[in-house]
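Reader: I am new to this structure and would like a close look at a single part of it, the sheet and what packs on it. Please take me through it step by step.

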Amino acid sequence: MNKSLSQDDIRKYNYRLWKLLIGAMVIFALFIVAIGFGLFGELPSFRDIEHPKSNQASEIVTDDGRILGTYFVQNRSNVTYQEISPNVINALIATEDIRFKEHSGIDFKRTFTIFLYALIGKKQGGSTITQQLALNLFSEEGRQKNFAKRLLQKFQEWVIAVKLERNYTKEEIIVMYLNTVDFGNQAYGIKSAARVYFNTTPDKLTVPQAATLVGILKGITRYSPTRNPDRSLARRNTIMGLMVKEDFLTQQQYDTDKETSLGLKFSAATVNDGIAPYFRAVLKNDIRRIFEERSITKPDGTPYDLDRDGLRIITTINYDMQIYAEEAQKEYMKILQASFAKSWKGRNPFKGKELQIEQGVKRSDRYKALQIEGKSEAEIKEDFNTPTRLTIFTWKGNIDTLMKPIDSVKYYKMLLRNAMMAMDPQTGYVKAWVGGINYEHFKYDQVKMGTRQVGSTAKPFTYAVAVENGYSPCFTVLNEPVTIEVPGSAPWTPRSGGTVPGYLTLQKGLALSQNYIAAYLMKQVGPTAVATLAKKMGISSDVPAYPSIALGSFDASVYDMVGAYSVFANKGVLTKPTYILRIEDKNGVVLHTEKPIPVPVMNEEVAYIMTRMLRGVVTNGTGWRLAGKYGVKAAIGGKTGTTQNNSDGWFMGISPQLVAGVWTGCEDRAFHFTSTAQGDGATTALPIFAGFMKRVYANPKLKISQADFEPPKNGVSIIYDCNQYQQQEQKTELDEKLGF
């Protein structure tokens with residue numbers, strides 16, 4: 001028989017129970033306080049809370065405000081609350097933390113519910129959005145796997161969450177969360193996720209798009225739209241159902257949206273992918289150099305890290321023009337590469353070129369890696385002659401194939417390369433930059449870093465000096481061989497193919513790219529004057545004062561040549577090519593600005609005469625295909641260029657608002673087209689310029705006029721109308737005969 005408890009016993013047991021409960025609460029409170037003081041592991045300070053650390057990508061921005069690309073360790077770009085669609089906020093709250101706006105960082109009601117669910121074997125997430133933010137911002141190791149460690153980590157999250165709630169508004173917290181969360185596929189933060197998955201901005205995300213992105217948070221692999229689209233779709237619809245439950249979405253809209261596809265516009269976030277990869281690589285090196293030379297550092301004196309510090313680089317590149325340049329290259333290079341391969345059919349292009357192949361082997365990453373592994377030359381040679389699985393570039397896409405590495409070297413030696421740059425001659429702003437054919441496989445930039453022999457594109461420099469010295473484009477010269485004496489060296493007599501016999505005007509000589517006419521002018525004006533002008537016009541590479549520079553025997557970059565030709569289009573003024581407008585830190589503070597300084601280098605009248613002569617190249621000379629074949633009939637001047645053995649093909653094009661240069665050739669000059677008809681600049685470079693300009697003119701938003709160059713306001717004293725010139729010459733002859 002059980003003895004009933006007395007009132008004293010009940011009071012005694014209640015007292016002990018309350019002591020135990022109060023003691024446990026005190027101990028727990030002391031435990032939380034100890035966590036707050038960092039006794040169980042360092043917690044972020046108030047300063048850390050105010051300035052949370054995160055790897056934030058630096059953004060490269062085009063002249064019209066679009067994102068050209070990013071530099072990142074984690075592809076993260078921050079946005080403000082106003083820049084996020086309410087659809088994202090609603091989807092996140094409905095899914096992750098329905099009482100987000102009511103609790104103070106810890107949802108005790110939800111936490112108690114989770115314990116009850118755990119007792120019946122159901123597992124549910126219990127972290128509020130604020131707690132998840134705490135984990136994202138301040139836990140280097142991520143979510144702990146060990147139960148005891150995870151329990152301690154959970155209490156640390158509580159402490160940090162309360163601190164966050166005390167120091168930030170609900171809007172700020174949800175923005176911080178969306179800026180730090182990982183959405184997979186190298187997309188960190190909602191801005192990167194919107195761009196990577198849907199090619200849009202966070203403020204334009206629709207309900208289905210927002211639900212898809214929020215769905216990824218439950219498992220970046222399991223619910224990845226790219227890896228597991230069916231699961232992602234199901235998860236998206238579940239989230240939209242939760243939005244209906246919480247009155248964030250109507251049943252009617254849900255019924256409509258759940259039937260739609262994911263509608264991805266996926267663009268992988270890697271440094272190789274995306275537009276203008278060559279430009280982005282050159283830009284990154286330039287920014288590092290500028291920061292070092294000008295001692296631009298963070299407030300604490302440490303150097304900026306472009307991959308982590310969230311800088312914003314506003315460039316002069318125009319997004320549409322960049323797309324057009326890349327499209328024009330890809331469109332024509334496919335055709336040209338096929339033509340190049342066909343020209344060598346039945347012949348051995350590697351005969352007598354063993355040295356070039358050997359150099360190609362030694363420059364390859366494979367050779368360098370084998371050397372690092374300690375392989376001997378004999379072992380390396382054996383490796384290069386052993387078939388292995390390789391991924392090679394083709395204009396139809398990457399191909400995985402079984403191939404000897406030595407054969408891949410030969411394959412790439414016969415692969416045509418191409419580069420192009422376009423700029424506004426008046427401002428100096430670079431608008432498009434295509435440094436090569438594929439950045440993943442060929443990282444060397446051929447716009448600014450590489451130089452090649454310029455061929456006949458150099459002839460206008462000699463003609464400009466001649467015009468400056470009083471020669472009219474209508475001056476007539478007998479097109480015959482010219483020999484120029486060179487002090488301390490053998491006399492120079494240029495060769496000429498496709499010579500037009502008889503007397504030619506200078507205008508005709510340039511239009512038909514006649515070597516003898518250029519040599520004649522060189523003999524009259526001298527190489528020093530031509531070399532000096534070329535340097536003044538922005539050619540930074542060596543231009544030796546030797547007669548052969550009249551025919552382009554020197555090397556120059558596409559970047560320098562475009563800058564030089566801009567002088568003709570800009571009334572004799574050089575505005576150095578510029579591609580950085582300003583650089584800002586993540587808070588919008590301007591760290592660096594650039595404004596090109598116009599430098600007059602040529603008489604305006606001379607520059608205008610050169611635009612007339614360069615227009616003649618397009619209307620009646622080697623550039624006739626621009627209008628005649630490709631239908632670009634705007635007021636454009638230009639010059640083709642072809643170097644010895646057809647190793648390099650060039651086309652330089654000028655208009656009042658846009659100047660562009662295109663180069664095409666193999667990596668090694670020993671590999672080239674077998675005939676000039678197939679390998680001259682009019683065939684290998686001009687068509688890409690044409691494809692680019694057709695696209696530019698077809699876009700009225702770019703506001704690129706097709707009007708002609710403006711003549712000088714004070715008129716032109718040099719006669720360039722050859723009918724008028726002939727009449728003037730006849731009158732002069734008559735006056736001389738009559739003794740006037």
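Author: Two strands are said to pair if DSSP finds at least two bridges between them, and strands (E, at least two residues) and helices (H or I, at least four residues) are DSSP runs, numbered from the N terminus. This is a predicted model, in which local features need pLDDT of at least 70 and side-chain atom pairs count only at pLDDT 80 or more, while totals for chains, interfaces and linings use all residues. Residues are numbered from 1 along each chain as its sequence is written, and side-chain values use heavy atoms, with hydrogens and water left out.

With those terms in place, strand β1, residues 58-61, pairs with β2 in the antiparallel sense over four bridges, and one residue pair to look for is I60 with its bridge partner in β2, G69. Both strands belong to an open sheet of five strands with mixed pairing, whose order is β2-β1-β3-β13-β14. At its edges lie β2 (67-71) and β14 (590-593), each of which pairs on one side only, and from one strand to the next the twist averages 15 degrees. The helix α12 packs on this sheet, where it touches β1, β2, β3 (312-315), β13 (580-584) and β14, contact being heavy atoms within 4.5 Å. The direction of α12 makes about 60 degrees with that of β2, where axes are lines fitted to C-alpha atoms, for helices over the stretch in contact, and angles run from 0 to 180 degrees between N-to-C directions.
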